[in-house]
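I opened a fresh page for this protein. These are my notes, in the order I looked things up.

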Amino acid sequence: MKLGIIGSGMVGAAAAFACTLRGAASRIVLVDIDTARARAEAEDIAHAAPFAGATQIDAGDYDDLAGSGIVIMACGVGQKPGETRLELLGRNAAVFRSVVGEVMRVCPDAILLVASNPVDIMGQIAQALSGLPPGRVIASGTILDTARFRWLLGRHLGIAPRSVHAYVLGEHGDSEVLAWSAARAGSISLQGFAEQVGAPLTPEVRDRIDNGVRRAAYTIIEGKGATWYGIGAGLARIVSAIAQDEGAVLTVSTLGDVMGVQDVACSVPRVVGAQGVTEDLVPDLSPAEADALRASAEMLRDTAAAVPV
Ligand SMILES: NC(=O)C1=CN([C@@H]2O[C@H](COP(=O)(O)OP(=O)(O)OC[C@H]3O[C@@H](n4cnc5c(N)ncnc54)[C@H](O)[C@@H]3O)[C@@H](O)[C@H]2O)C=CC1
Ligand SMILES: CC(=O)C(=O)O
């Protein structure tokens, strides 16, 4: 499958690198307004390809995207230290207004995979600009937050993050909701397993993990200016799910109804395959988690409604 990536900064390049190592795409084309950057990233990543597989990677312009099955949108600006994702909205919406039409002109049948922040609303804007069905415009949503949650839980419990079944829901941002009540270690309740291994989930432990997930981007941006490895791997995971028609359950964001809030883009676990998103699987939540998810969805709906497309 051919993959286009718009924006070959840290996130676009990390996604290309992760897809190359994973063998998620046979061909990758990097497009950036900074053509020298796109060329340099493509060449650097191409030098990794012989160690991994047969991915062909090039820089190009919009016409070179023809035939792409998926186009990742990683263009625009990122947060400065202390800045929220929502503060990027005006600047990145302007970038999408100049880019999405160009992508659709060349590959009208591609699935759009949005990474630029604030990612939920940017996904909604991409859907409106492209006119694609909602399930074919997928924002990475809380796929990264879910990975952070599983990693921290796995460390606390002494088990592999992949054996922790836990989800972060709602906004990829400050209002996100850690679904503690639906979390499982293997097939048993998280709380039960935590007690079994003598690592109880006390209020202090929960607060530490909540903070570690919710504040991760702020902490990393403070230290190195941006985050890219986690989201690069997450985007490659979504590309694989689509390219191989996996029907994988991933927390991604797409336009739909969540907790009675209509036409909102935010994350719940969803089935992802060759047609994009086909089903939602909203877990059973405690009343407090359900209220927090509804509030997150309402905030995103209201913020998105104020942005002209
Ligand atoms: N969804 C997620 O979980 C995450 C999202 N992000 C977001 O991803 C976005 C990209 O972040 P970085 O790669 O770190 O930023 P970056 O500044 O390194 O790269 C952005 C690239 O977009 C390009 N660009 C800007 N306007 C363009 C246009 N009109 N056409 C084509 N290319 C254009 C720039 O030249 C630059 O190379 C940001 O909005 C950031 O907040 C970052 C980390 C995680
Ligand atoms: C920057 C960002 O959105 C993240 O690392 O979560």
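**Entry 1: the annotated residues.** Before starting, I noted a term: UniProt positions are given in the numbering used here, and annotations may be inferred rather than shown by experiment. I also noted that this is a predicted model.

I looked up which residues the UniProt annotation "binding site" covers. The unreviewed entry lists Arg150 and His165. I then checked how they sit in space. They are spread over 16 residues of sequence, yet they cluster, with a largest C-alpha distance of 7.3 Å. Next I asked which pocket has them in its lining. The lining of the second largest pocket includes both Arg150 and His165. I placed arginine 150 in helix H6, which runs over residues 143–157.

**Entry 2: the small sheet.** I turned to histidine 165 and looked for its bridge partner in E10. The partner is arginine 184. Strand E10 covers residues 184–185 and pairs with E7 over 2 bridges, in the antiparallel sense. I then traced the whole sheet. It is open, has 3 strands, and follows the order E7-E10-E11 with antiparallel pairing. The edge strands are E7 (164–165) and E11 (188–189), and each of them pairs on one side only.

**Entry 3: the annotated domain.** I went back to the record for a wider view. UniProt, again in an unreviewed entry, places "domain: Lactate/malate dehydrogenase N-terminal" at residues 1–138. I checked the make-up of that span. It is 43% helix and 17% strand. The C-alpha atoms at the ends of residues 1–138 lie 17 Å apart.

**Entry 4: ligand 1.** I counted the residues around ligand 1. There are 26, and the closest are Val11, Asp32, Val77, Ala115 and Asn117. I asked which helix gives the largest share of this shell. The answer is H4, with 4 residues. Helix H1 (10–22) and helix H4 (89–106) each supply at least two residues of the shell.

I then went through polar pairs between side chains and ligand 1. An N or O atom in the side chain of aspartate 32 is 2.6 Å from an oxygen atom of the ligand. For asparagine 92, the distance from a side-chain N or O atom to a ligand 1 oxygen is 3.3 Å. Asparagine 117 places a polar side-chain atom 2.9 Å from an oxygen of ligand 1. How much of ligand 1 does the protein cover? On its own, ligand 1 has 860 Å² of accessible area, and the protein covers 85% of that. I noted where ligand 1 sits: in the largest pocket.

**Entry 5: ligand 2.** I looked up the surroundings of ligand 2 next. Gln79, Arg85, Asn117, Leu144, Arg148, His172, Ala217 and Thr227 surround it. The space that ligand 2 takes is the largest pocket.

I listed polar pairs here too. Arginine 85 has a polar side-chain atom 2.8 Å from an oxygen of ligand 2. For asparagine 117, a side-chain N or O atom is 2.9 Å from an oxygen atom of ligand 2. Threonine 227 has a side-chain N or O atom 2.6 Å from an oxygen of ligand 2. How much of ligand 2 is buried? Taken alone, ligand 2 exposes 220 Å², and the protein buries 91% of that.

**Entry 6: backbone details.** Asparagine 117 had come up with both ligands, in a polar pair with ligand 1 and in another with ligand 2. I checked its backbone as well. Is the peptide bond from asparagine 117 to proline 118 cis or trans? That bond is cis, with omega near -5°. Proline 118 lies in the loop between strand E5 (111–114) and helix H5 (119–130).

Last, I looked at positive phi values. Aspartate 245 has phi near 45°, a positive value in a residue other than glycine. I found aspartate 245 in the loop between helix H10 (229–243) and strand E12 (248–258). Aspartate 263 also has a positive phi, near 50°. I found aspartate 263 in strand E13, which covers residues 261–273.

Key
Residues numbered from 1 in each chain as written. Chains lettered and ligands numbered in written order. Predicted model: local features only at pLDDT ≥ 70, side-chain atom pairs only at ≥ 80, totals over all residues. Heavy atoms only, no water. Pairing = 2+ DSSP bridges. Near = heavy atom within 4 Å. Polar contact = N/O pair within 3.5 Å; in protein donor to acceptor, adjacent residues only side chain to side chain. Areas by Shrake-Rupley, 256 points an atom, 1.4 Å probe, with all protein chains shown as cover. 1 Å grid on protein atoms, 1.4 Å probe; cavity = no way out; pocket = protein on both sides within 12 Å on 5 of 7 lines; lining within 4 Å. Sits in = over half its atoms within 2 Å of the grid points.
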